[in-house]
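Some notes on the model follow, as numbered points. They begin with one ion pair and then move out to the sheets, the helices and the core.

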Amino acid sequence: MSSHSFYIAYDGPALVTNEMDVRELAPALLALSDAFNEANAVLNGERANIQLNVKGSFKSGCFGIDLVVGQKFLDSLLNVGAEDTVKTAKEIAGILGFSACGTTVGVVKFIKWARGRKVTKIETANGNAKIYVGDKYIETEEKVLKLLRNDKIRRAMEDAIKKPLENEGITSFGCASKSGEQVFESV
């Protein structure tokens, strides 16, 4: 069993009362769960199941949510000595960009950097990737590129991050290891 906790927050003038419309929040949380499920499927196949849970501890300030991603390994004995080991819940959170540990440029950071611009070229070598937009590029790991190429993950990330920000008065989205800690990624 593997688990990892992290914190997300939506902020802006519309959330000053620490309330958020369920019609905005529920689809975003479902999309976030879809992103984790699809990332786990892409990276681990049927070797592990993953589940995203809300931890019941809402904080004041903005509208923040503690989340726990739990993972159950299905064939851990088959993975002993395997070159391509199962990616843990913490690793998947890092690759997606919801954890400050592991991957330096996760899916969230890439999407923020690209800002909807079209990728013009990709170079891969030694497990790393240079992703170009025009003459500028960002470097990341090939496993991040693998997730970026997945339509379900890209749509889920858009639904979890971008769609709530389209609502009047919601101006930012952020991730931290836990409530009260410094945000390591914000959109």
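1. Glu123 and Lys121 form a salt bridge, with their closest N and O atoms 3.3 Å apart. A salt bridge here is a side-chain nitrogen of Lys or Arg within 4 Å of a carboxyl oxygen of Asp or Glu. Glu123 is partly exposed at 34% relative accessibility, and Lys121 is partly exposed at 40%. The classes are buried for under 20% relative accessible area, exposed for over 50%, and partly exposed in between (1.4 Å probe, protein chains only).

2. On the basis of the note: this is a predicted model, in which local features need pLDDT of at least 70 and side-chain atom pairs count only at pLDDT 80 or more, while totals for chains, interfaces and linings use all residues. Residues are numbered from 1 along each chain as its sequence is written, and side-chain values use heavy atoms, with hydrogens and water left out.

3. The structure holds six salt bridges. Among them is the contact between Lys143 and Glu141, at 3.1 Å from N to O. Lys143 has a relative accessible area of 26% and is partly exposed; Glu141, at 23%, is also partly exposed. Another is formed by Glu166 and Lys162, at 3.9 Å from N to O. In this pair Glu166 counts as exposed at 53% relative accessibility, whereas Lys162 is partly exposed at 43%.

4. The chain has six helices and eight strands. Both are DSSP runs numbered from the N terminus: helices are H or I with at least four residues, strands are E with at least two. Read from the N terminus, the order of elements is β-α-β-β-α-α-α-β-β-β-α-α-β-β.

5. Strands 4, 5 and 6 form an open antiparallel sheet in the order 4-5-6. Pairing requires that DSSP finds at least two bridges between two strands. Strand 4 (121–125) and strand 6 (136–141) are the edges; each has a single partner strand, so one side of each has no neighbour in the sheet. From one strand to the next the twist averages 20 degrees. Strand 4 is joined to strand 5 (residues 128–133) by five bridges, and Ala125 stands opposite Asn128 of strand 5.

6. Helix 4 (residues 107–114) packs on this three-stranded sheet, where it touches strand 5 and strand 6. The direction of helix 4 makes about 175 degrees with that of strand 6. Axes are lines fitted to C-alpha atoms, for helices over the stretch in contact, and angles run from 0 to 180 degrees between N-to-C directions.

7. Which strands make up the other sheet, and in what order? Five strands form an open sheet in the order 2-3-1-7-8, with antiparallel pairing. Strand 2 (48–55) and strand 8 (185–186) are its edge strands, each pairing on one side only. Strand 1 (residues 2–11) and strand 3 (residues 63–73) run antiparallel and are joined by nine bridges; Phe6 has Leu67 of strand 3 as its bridge partner.

8. Helix 6 (residues 151–165) packs on the five-stranded sheet and touches strand 1 and strand 7 (172–176), with its direction at about 140 degrees to that of strand 7. Helix 3 (residues 89–96) lies across strand 1, strand 2 and strand 3, at about 30 degrees to strand 1.

9. Ile153 is found in helix 6 and is buried, with a relative accessible area of 0%. Its C-alpha is 4.9 Å from that of Ala35, although the two are 118 residues apart in sequence. Leaving aside neighbours within four places in sequence, Ile153 is in contact (heavy atoms within 4.5 Å) with Ala35, Glu38, Ala39, Val42, Leu96 and Leu147.

10. The largest nonpolar core has 46 residues, of which Ile8, Tyr10, Phe36, Leu96, Phe98 and Met157 touch the most other members. Such a core is a set of buried Ala, Val, Leu, Ile, Met, Phe, Trp, Tyr and Cys residues joined through side-chain atoms within 4.5 Å. Helix 1 (residues 22–44) gives the most to this core, with nine residues. Not counting residues up to four places away in sequence, Ile8 touches, among others, Leu29, Leu32, Phe98 and Phe173.

11. For the chain as a whole, buried residues make up 43% of the 187 residues. Of the contacts with a separation of 6 or more, 61% are between residues 24 or more positions apart.
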